[in-house]
Structures are given as C-alpha cells and as structure tokens.
Amino acid sequence: MKKTYPALLSAILFFAGPNVGARVPVSERAVNDSPGTEGSRLADAGRPVDTGRPADTGRALNSSAMVAAVEAAKGDALLEALLTELSRSYTHLKMDQVQAPYYIEYRVNDVDDYNAEAAFGALVQSQRVHVRILRVVVRIGDYKQDSYFSQGVGETNILPLDNDPIALRHQIWTATDEAYKSAGEAYAEKQAALKQFSADPSAVDDFAKEPPVIALDPAVTLKVDQKDWKKTLEDVTELYKQYPDVQSSTASARFTGVNEYFVNSEGTVTRDGHATYSVQFNSAAQAPDGMRLTRNPGWMVARAEELPSHDALMSDAKKTLETVVALRNAPIVEEEYRGPVLFAPDAADDIVASLIGQNVVGRKPQLGKPNRTTGSFASSYKTRVLPNFLSVVDDPTLKEFQGKSTVGSYDVDSEGVKAQRVTVIDNGTLANYLVGRQPIRDFIASNGHGRAAPGVFPAPGVGVLVVKTSEAQSPAALRQRALQIVADQGLPYAYRVDTLGPGNTPRLLYRVYAKDGHEELVRGAVFSELDVRAMRSDLIAAGDDPLVSNRSGGAPTTIISPSLLFGELEVKRADTSKDKLPEYPAPPLVASTSGQHDKGSD
C-alpha cells in the first residue's frame, strides 16, 4: 500500500492476517479532478462526466449493463457511491504513456465484529468493531495479458462508516488512483519479466471473461447479547476451580457480520451478507513428566440460535476438563505401531481439510512455470487420488446440512461470479479444480470459487466441501472391522482417533483392544505417514455419520466428512521435549478476605 493508515493496517491484520505489503509514494494523480471538484455530477452511469475536457478523452462503460446496475443499486448509498466513481474512473483514468484500464472492480466488506474473552472466571476483554474495508483492482492490458502482477494486484483503503457520498467517493478515488499507477508499473515489470521466457503457444489468459451479475441480498445484522455472553464465558472458565491440575482455562466468543459489496466495469453489482458465530474453550495442563497437554473444542455456526446454551457449554467444558485430567495420567505411546486406525468424523474433517481441501484448488503457477497448478494434486488431473468408493463435492449453495448451518456457503463469490456446485473428485478420480477468474490450463472459466478475506486479493478456495461414500458403514461396523484386522495380524489393539490438533497430531487417541474391545486413552503420539498417498492407498472404508465442521479464516469454510478407516498407518512416539513443571504451586482457589472482589462491581 502506498500510504500507511494505522486503522487500515489494524483492520486488515485483524480480519485477514499479515497479507499486506508496503506502499510506495507517488506524486501525481491519474484523475486530477476529485469527486468534490468535478464539473458536474454523473447524470447517468456509463455516460462521461462533463468536466470541460474534450469529448474524445472519455470512454463510456457498457451502457446497457451499467444502466441495469445503477437501477439495482438505487437506495443503497454505498453502492451508489461505488458505481458513480467506477463510471468516472473508467471514463477518465489515463496517464501519458500508460494504457487506460480495461477493467476496474471495487469490493467493500462492511464488517461488524464482536469479540469477548474470559480467563479463570473473569472477563479479559470485550470489544465491538465496525469497519468498512475497500479493495480496488485496476487492470491494464486485456483479458489475455494484463497488469495483475506484483504490486498490480490492487489497493486497500478504509471507507467512512456514515453514508456521506462525497466522503465515500474521495476515499474510493484515492484508492483507484493508486491502483491505476501501481497497475502501470506492474504491467511494465511483467512485460520485462516475460522476455526471460520462451513464448508459450498454448498460454491461458490472465483473466476470465464473465457475464454481468446483479444479485442484491438483504444486508445481515449481527445478533449479540453481550451481557449474557460475558457471563457465560466467565462461568465456563471458572470451572477450572474444580480441577486443580488444570493450569489454563480460557474461553472466547467471536460474532461477525459481513456485508460484501462488489461492483465492476463489466456491469456486475452484488451485495452478499453472511454472519458467523463462534465460541471456543481452551484448557491446558502438564503431565507429571512435563508434557504439555491441551484441548480446544469450538463451536461455529451461521445462525446464532444454533450456538449451545449456557448449560450445554458448561457440560461440554466439564467433559473437556475431565479429558485434560485423564490425559495427564494416560500412558505415553512408546512403541511404533503399524496397523488400522479409525478416525472419528471430527478428526476426519481435519484430514479432509488439510489433505484434500488444500489440494483441489486451482492456483495459477508463477510466471514462466509450465505447471497446471500448485499443490500435491498439481499433476493429478484425471487420475485416482482417493479410493473409488469416495467422491468429493464442493457446493457453496448448500446453506445447511442435516439441519446444521454451513458458514462456507455463499451466493456470489468475491469476484462477482455466482457460486457453483463442483464435483472435484468423482469415484476417486480428480475431475475438477476449484477456480476463480484466474484461468489455469484446461480450466479457462471461473466456477465461482474466488474467495477473499476483507481487504485481501481473492484466490481459489473451498466453500462447503462434502465427502460422499457409495459404501457407507456404521461406526460400530468400522470399529469391528478394525478389530478384525488386528486380530488377523496378531496385533493386540487398533487405534481410534477422536480429535486432532495442529499438523494432524492426535489430541484424543485411544487404543482399542482386540481381546475385549475396551479402550485406553494414550498421549504423546504422531502419525508419520498420514499424507495424500495414504488417502489414495490405505483408506479402506468410510462411515455413515457425516459431521459438519465450520471453520474460521479470512473466508469461512465448511468441511463435511464421515468416519474414515485406514487399513494401515504408522503411529509412533512424538519427538517433543518436555517442559519443566512450575517451581511453586498455583495461587489458592479461595481468595483472602482482603483480596476478594465481586464481579461487576466496577
């Protein structure tokens, strides 16, 4: 970004992570008249503004598409300001020795975010943030080869929260001006870089053409009872007093409503609103040998009424704390094991997200690279990547599954393309990639999967990813099949995984004994060969118990998978160091009279 706005940087880092570069100052404006000084107001979108300049310096937008867009936007002050500046910029953006843009887009995320956290029975923080984040993309060149490269991928700015049209348009104008200049520099840089490579006779276009879309959904409103949730978080984290071996107990709630506005010079105008409501409970302890143990169950939904009640959260938190205590006393996995491993749906969702979800997206490779895409499935198009009894579909239009809401659903993606259902893996064979408007070889059009966090450039991404099986078995049948395998191999037990942590490391791992079927909780294990090869060759059965796993991130996603049974995986002891235990006891759980403090007395 060419200007450093503290509020802008804070907002983008908060919602999307550190994905923003540094701006380079420029000294001149590509459009010299600001919105407040132009000769006359825009009378009709698609018609140049009369600023006293020669008539042949302006270029009108697609008039029929823009007339429809303007009509659709009436009554929405933000959309009207975006369209007014879009028409003005497209008409007059031109610098000496720099091409006029062939395409301009504006994307605004109007974000209402509430976040609260409690620890050890006391509120740590509670804040509500409202921000509008604008992203501007200006493309120079044409659809075949353009400036979307290096610093030419767009500019980001913060818009005013009130609907003053001139204030809105000034911020849009400055961001557009910067984006145009950056596009000019990027286009020249790209042309120079391309000279290093031989011309590709079958090169795909840089940008896919898409028909205009007009889709204005109602704006969402965040539903938050701050007082009740503060009390709930305090009560949940105060449970640690019943478990003296627990070292840490925190809980957080984050509720976010996002209304995404999108307009472009092709005539697309969209407004797509969605809300996410998430609660997470975190607890940690150390085993007597110093091994750190954590549990972090979470709940995330698209409808506030689906969140667990106060009493349900209290019950779940108690169960979590009991498993943390049980883990402290569980035996460590010492031996190497190779045999069947059964993953419950919660753990299976994590495997699908990391090993399938990240590899079915069609990302354009670096300039000059001949690959179709990147990732573990880059060269797997039309080859087998899963057993033939499994298929995988990504369907962003799926608003709920078996009565549970899906946060990864949407009607229009972040590039103004309608969401589409895509079968990515058909009977084990990779049939499609999820792509946005950056084409890759054999996929020259978007299938509605260009996704973006507020203020960040879009990229192909998962919406609602569903694993389907043609040979579904009950969890009991899968468990029995695993026990039969170990019995046939002369092994004393199989493994069952309830939940996974970072890097697909087991959090709750049980030995299931072949002799009598009893289970034993263990700790300190890792999987050494849980990868895409294992998914293709060692996955032998799937359950009839699909579970909805809603996931946060810049663009929320949903993964839905049943239990998965692997015929053979290697389980071994984790190569991790053990930390020293605390040198002295935790504070007493009953405060002294002089230190007592009543909640809410401030």
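Which residue in the turn of the hairpin formed by E20 and E21 has a positive phi? Keep that in mind, everyone, and I'll come back to it shortly. Please remember as we go that this is a predicted model.

Let me start with the whole protein. There are 602 residues, and 54% of them count as buried. The chain forms nine helices and 26 strands. If you take the contacts between residues with a separation of 6 or more, 74% of them link residues 24 or more positions apart. As for the surface, the protein exposes about 26400 Å², and carbon and sulfur atoms supply 50% of that area.

Now, back to my opening question. Strand E20 covers residues 506-513 and strand E21 covers residues 519-522; the two run antiparallel, joined by four bridges. If you want to find the pairing on your screen, look for Tyr510, which stands opposite Leu521 in E21. Between E20 and E21 there are five residues, and the one in the turn with a positive phi is Gly517, at about 80°.

Here is another hairpin to put beside that one. Strand E13, residues 422-426, pairs in the antiparallel sense with strand E14, residues 429-430, over two bridges. Ile425 faces Leu430 of E14 in this pairing. Two residues separate E13 from E14, and Asn427 in the turn has a positive phi of about 50°. E13 also has a partner in strand E10, residues 390-394: they pair antiparallel over three bridges. There, Asp394 stands opposite Val422.

Let's move on to a helix. H8 runs over residues 475-489, which makes 15 residues. How far apart should the ends of H8 be? At 1.5 Å a residue we expect a span of 21 Å, and the end C-alpha atoms are indeed 21 Å apart, so the two agree.

Which residues of H8 are buried? They are Leu478, Ala482, Leu483, Ile485 and Val486. These five cover an arc of only 155° around the axis, so they sit on the same side of H8. If you are wondering about the spacing in that list, here is the general idea. An α-helix has 3.6 residues a turn, so residues three or four places apart point the same way. On the other side of H8 you will find Ala476 and Asp488, which are exposed.

What do the buried residues of H8 pack against? The answer is a set of strands: E9, E18, E19, E20, E23 and E26. You have met E20 already, as one half of our opening hairpin. And just after H8 comes Gly490, with a positive phi of about 75°.

Next, the charged side chains. Side chains of opposite charge can pair when their charged atoms come close. In this model the count comes to 32 salt bridges. I'll show you three of them.

One joins Lys74 and Glu71, at 3.1 Å from N to O. Lys74 is exposed, with a relative accessible area of 54%, while Glu71 is partly exposed at 49%.

Another joins Lys241 and Glu238, whose closest N and O atoms are 3.1 Å apart. Here Lys241 is partly exposed at 34% relative accessibility, and Glu238 is partly exposed at 27%.

My third example is Glu529 with Arg338, where the closest N and O atoms are 3.2 Å apart. Glu529 lies in the loop between strand E22 and helix H9, whereas Arg338 belongs to strand E9, so this pair ties together parts that are 191 residues apart in sequence. Glu529 is partly exposed, at 29% relative accessibility, and Arg338 is partly exposed too, at 37%. The story goes on from there: through shared partners, salt bridges join Arg338, Glu529, Glu568 and Glu570 into one network.

One last stop, and it is a single residue. Leu216 is found in strand E4, residues 214-216. Is Leu216 buried or partly exposed? With a relative accessible area of 27%, Leu216 is partly exposed, because buried would mean under 20%. Leaving aside its neighbours within four places in sequence, Leu216 is in contact with Ala72, Ala73, Leu79, Val269, Thr270 and Arg271. You can also compare Leu216 with Asp272: they are 56 residues apart in sequence, yet 6.7 Å apart in space, C-alpha to C-alpha.

That's my tour. Thanks for listening!

Conventions. Residues numbered from 1 in each chain as written. Predicted model: local features only at pLDDT ≥ 70, side-chain atom pairs only at ≥ 80, totals over all residues. Heavy atoms only, no water. Salt bridge = Lys/Arg side-chain N within 4 Å of Asp/Glu carboxyl O. Buried < 20%, exposed > 50% of the residue type's maximum accessible area, 1.4 Å probe, protein only. Pairing = 2+ DSSP bridges. Contact = heavy atoms within 4.5 Å. Areas by Shrake-Rupley, 256 points an atom, 1.4 Å probe, with all protein chains shown as cover. Expected span 1.5 Å × (residues − 1). Arc of directions from axis to C-beta.
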